[in-house]
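This report describes how helices cross and how aromatic side chains meet in a single protein chain. Please view the sequence and the model together before reading on.

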Amino acid sequence: MSTQNGSENGTHDPVGLTLERHVPNAIPPLVDAISSLYEHAIDRLLLSPERVTSAAAGKKLLAGDDDTEVMADQVQRVVVLAVPVVRTLARGARFTRVPWVLVASTAFSIASTLRAGVREVQVIGSLIAHRIEQETGRPAAPRLVKRLALELYLTPRRTPATTDRPLPLRRLLQRWLFKGAFGRNTQRAASKALDAAEKLDVRPYVKPAR
């Protein structure tokens, strides 16, 4: 796996990069809401004995129905906080070349992206948990699953660091907020993350059982 920088598809995305530069640095309620949504999503999958056992199986799941409606309240909380942020950025974006008249900054489009994103990180996390459990014979540590799933989801071409570090929740916010604002599909990037999770050598991330 490469350490090349770029978008989740391995190419530069000038529009996305332009938008991300202008995300406010301090929007704690929205970051907190994204954090809660993400952590709840991974915790929920870890409570289930079922696991995604391959990238192919994960892609098949993503192509089918999802069950994220059980997290509808948390999704709605993020939407309520996110829509005004997107609209504020759109009004102040005269200095960019983004075609803001085409921005679909609606509650519906953002909510759709959030629901798809939650499902994607759950499937990726489930595959990572399976890989770790197969390697160690023990339940996967939630913190490790959350970190590896999120880092691979955001940058599948970059191998995650073996040392623990804070979850890149602001980058997750950027991804979901602006994919939702433009109504862009996130499934291609999720597929790449599943391939990366299947190829990842999990041994450096887990301590041997004593």
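## Crossing of H6 and H7

In this predicted model, helix H6 and helix H7 cross with a left-handed sense. The two helices pack at an angle of about 45°, and their axes lie 11 Å apart. Angles from 35 to 65 degrees fall outside the parallel and perpendicular classes and count as oblique, and H6 and H7 are therefore oblique to each other.

H7 itself has 14 residues and spans 20 Å from its first C-alpha to its last, which is close to the 20 Å expected at 1.5 Å a residue. H7 is mostly covered, with 12 of its 14 residues buried; among them are Leu169, Leu172 and Leu173, as well as Gln174, Lys179 and Phe182. Just after H7, Gly183 adopts a positive phi of about 65°.

## The aromatic pair between the two helices

A pair of aromatic rings is described by the distance of the centres and the angle of the planes. The structure holds 1 aromatic pair. It is formed by Tyr153 and Trp176 in an edge-to-face arrangement, with 6.4 Å from centre to centre and 65° between the planes. The pair links distant parts of the chain, since Tyr153 belongs to helix H6 (residues 142–154) and Trp176 to helix H7 (residues 169–182), 23 residues apart.

Both partners, Tyr153 and Trp176, are buried. The ring of Tyr153 has a further neighbour in Arg175, which lies over its face at 5.1 Å from the ring centre. Arg175 is also listed with Trp176 among the buried residues of H7.

## Crossing of H3 and H8

A second crossing involves helix H3 (residues 55–63) and helix H8 (residues 187–199), whose axes come within 9 Å and cross at roughly 155°. Angles over 145 degrees count as roughly antiparallel, and H3 and H8 are therefore roughly antiparallel to each other. The crossing of H3 and H8 is right-handed, whereas that of H6 and H7 is left-handed.

## Helix H5 and its surroundings

Helix H5 (residues 107–136) has 30 residues and reaches 43 Å from its first C-alpha to its last, close to the 44 Å expected at 1.5 Å a residue. Of the 30 residues of H5, 21 are buried, so this helix is largely enclosed by the rest of the structure. Just after H5, Gly137 takes a positive phi of about 75°, and a positive phi is likewise found at Gly183, just after H7.

## Leu81 in helix H4

Leu81 is located in helix H4 (residues 72–91). With a relative accessible area of 28%, Leu81 is partly exposed, because buried residues have under 20% and exposed ones over 50%. Although Leu81 and Ile27 are 54 residues apart along the chain, their C-alpha atoms are separated by 9.5 Å.

## The chain as a whole

How many helices and strands does the protein chain contain? The protein chain has 8 helices and 0 strands, and, when read along the sequence, these elements follow the pattern α-α-α-α-α-α-α-α. Buried residues account for 48% of the 210 residues in the protein chain.

How values were computed: Residues numbered from 1 in each chain as written. Predicted model: local features only at pLDDT ≥ 70, side-chain atom pairs only at ≥ 80, totals over all residues. Heavy atoms only, no water. Phe/Tyr/Trp six-rings, centres within 6.5 Å; stacked < 30°, edge-to-face > 60°. Helix = DSSP H or I, 4+ residues; strand = E, 2+ residues; numbered from the N terminus. Buried < 20%, exposed > 50% of the residue type's maximum accessible area, 1.4 Å probe, protein only. Lys NZ or Arg CZ within 6 Å of the ring centre and 35° of its normal. Expected span 1.5 Å × (residues − 1). Axes fitted to C-alpha atoms, helices over the stretch in contact; angles between N-to-C directions. Parallel < 35°, antiparallel > 145°, perpendicular 65-115°, else oblique. Left-handed = near helix turned anticlockwise from the far one by under 90°.
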